[in-house]
Amino acid sequence: MSATARPPEGGAPGLPGQPSLALHRVRADHIEADRLPEGPVLAALTYAAAALERVTAHGAEVLSLASGTPPVDEPVWVDLWYGASPVVRGRDSLVVWAQDAHTLFGALDLEPAAGEDFGQLAERAYRELFACLAVRGMPQLLRLWNYLPGINDDEAGLERYRRFNAGRQQAFLAAGRAAFEGAPAACGLGTPGGPLRIRFLAGREAPLAVENPRQVSAYHYPKEHGVRAPTFSRAAIADVGGGQRLLLVSGTASIVGHESRHAGDLEAQLDETLANLQAVVDAAQVKTGLRYDLADARCVVYLRHRADAECARRRFAAALGAQSRAVREAAWVVADICRRELLIEVEAHLAAQCEGGA
Ligand code: 3EB
């Protein structure tokens with residue numbers, strides 16, 4: 001039995017006593033019909049469109065999504081988000097989605113309309129997204145993935161990411177949603193081109209938001225980083241049943257306070273990023289009393305420059321242990337980071353079992 005043939009952690013989700021949501025990461029080159037873990041998949045998310053063809057070619061009827069950020073090299077990983085039976089799929093306006101009784105996974109890919117700037121595009125995208133949550137009866141956002149074409153490009157005198165932040169915050173406020181404390185976890189990365197791609201996880205219950213004591217909350221960044229702050233919490237903790245609580249850690253970078261650190265120094269940025277990740281994990285442990293181990297996380301490492309991969313990989317392995325799951329199953333992809341001086345960003349998803357849970 002190969003490593004990828006294992007069922008998702010804690011057995012096939014959806015069975016009584018099992019968590020209703022679990023992330024299982026499989027190598028794209030190991031996906032075969034008889035080797036996909038059992039259980040209902042809400043969505044397959046990956047960093048290479050070709051990997052999705054493998055998912056669908058092997059009969060898996062799932063919501064298949066690519067980020068638009070290319071993988072650094074082989075292996076390419078596919079993140080399978082397992083839900084609970086039954087799963088239904090559909091499309092409301094611009095949002096494609098899959099949902100079970102507990103969770104909604106949705107996605108929208110949006111091109112700017114004629115004359116629409118990136119702030120207006122973001123606002124429209126989030127309005128559509130919120131409408132979908134209402135229709136699907138899943139009002140609480142847990143986690144968002146934002147992939148922006150040309151994130152650092154100047155658009156009529158203002159960086160696209162800053163326009164995006166303005167439109168996103170405007171949409172949250174207009175919808176009466178938490179744009180500050182209690183915002184969902186998120187990441188915001190740049191792609192070489194294509195549409196604005198947003199993917200999201202939502203549920204019925206609000207997650208527990210976690211901040212990082214080493215960093216100013218992103219939603220309180222001062223105006224020098226843009227007139228409207230980014231709308232996200234450092235992490236979100238979701239009770240997924242079966243005694244499990246998922247810790248969804250947002251994109252994390254070399255920022256202390258609100259300032260970028262170690263411009264131009266990849267290794268120092270990686271060390272600072274890992275210190276921030278550990279600080280978020282520690283804060284989550286204090287909040288829940290549960291034990292989360294960063295070395296067991298499913299990480300995505302976003303690198304601005306593919307050429308930094310070898311150096312970053314070496315240091316990442318030295319920090320977390322070459323044999324740790326975080327290192328062996330890390331997904332390495334090329335992406336622009338939202339601040340020009342940042343070279344690396346890491347996101348992480350972890351699970352913890354409650355004492356006497358399941
Ligand atoms: C930071 O800490 C790095 O705009 O949704 C990380 C996670 C970052 C999410 C977002 C941005 C976002 O500010 C950048």
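**Exercise 1. Find how far an oxygen atom of the ligand is from an N or O atom in the side chain of Tyr 221, and decide whether the pair is a polar contact.**

Step 1. In this predicted model, an oxygen atom of the ligand lies 2.7 Å from an N or O atom in the Tyr 221 side chain.

Step 2. A polar contact is a pair of N or O atoms within 3.5 Å. The Tyr 221 pair, at 2.7 Å, therefore qualifies.

Step 3. Repeat for two other side chains. For Tyr 161, the distance between a ligand oxygen and a side-chain N or O atom is 2.5 Å. For Arg 234, the corresponding distance is 2.8 Å.

Step 4. Check the cover. Of the 350 Å² of accessible area that the ligand has on its own, the protein covers 100%.

**Exercise 2. Describe the shell around the ligand: how many residues surround the ligand, and which element gives the largest share?**

Step 1. The ligand is surrounded by 14 residues. The closest are Tyr 161, Arg 168, Tyr 221, Arg 234 and Cys 338.

Step 2. Sort the shell by residue class: 8 are nonpolar, 3 polar and 3 charged.

Step 3. Assign residues to elements. H3 and strand E11 (185–191) are the elements that give two or more residues to the shell. The largest share, 3 residues, comes from E11.

**Exercise 3. Place E11 and H3 in the fold: what is the strand order of the sheet that holds E11, and which strands does helix H3 touch?**

Step 1. The sheet is open and has 7 strands in the order E5-E6-E7-E12-E8-E11-E20, with mixed pairing. Its edges are strand E5 (88–92) and strand E20 (336–337), each paired on one side only.

Step 2. Take one pair from this sheet. Strand E6 (residues 95–99) runs antiparallel to strand E7 (residues 103–110), with 4 bridges. Gln 99 has Leu 104 in E7 as its bridge partner.

Step 3. Add the helix. Helix H3 (residues 160–174) packs on the sheet and touches E8 and E12, its direction making about 155 degrees with that of E8.

**Exercise 4. Describe the open sheet of 6 strands: what is its order, and which strands does helix H5 lie across?**

Step 1. The order is E13-E14-E15-E21-E18-E19, and the pairing is mixed. Strand E13 (208–210) and strand E19 (331–334) form the edges.

Step 2. Neighbouring strands in this sheet are turned by 15 degrees against each other on average, direction ignored.

Step 3. Strands E14 (residues 235–239) and E15 (residues 244–253) pair in the antiparallel sense through 5 bridges. Asp 239 is opposite Arg 245 in E15.

Step 4. Helix H5 (residues 309–320) lies across E18, E19 and E21, at about 150 degrees to E18.

Methods
Residues numbered from 1 in each chain as written. Predicted model: local features only at pLDDT ≥ 70, side-chain atom pairs only at ≥ 80, totals over all residues. Heavy atoms only, no water. Pairing = 2+ DSSP bridges. Contact = heavy atoms within 4.5 Å. Axes fitted to C-alpha atoms, helices over the stretch in contact; angles between N-to-C directions. Near = heavy atom within 4 Å. Polar contact = N/O pair within 3.5 Å; in protein donor to acceptor, adjacent residues only side chain to side chain. Areas by Shrake-Rupley, 256 points an atom, 1.4 Å probe, with all protein chains shown as cover. Nonpolar A, V, L, I, M, F, W, Y, C, P; charged D, E, K, R; others polar.
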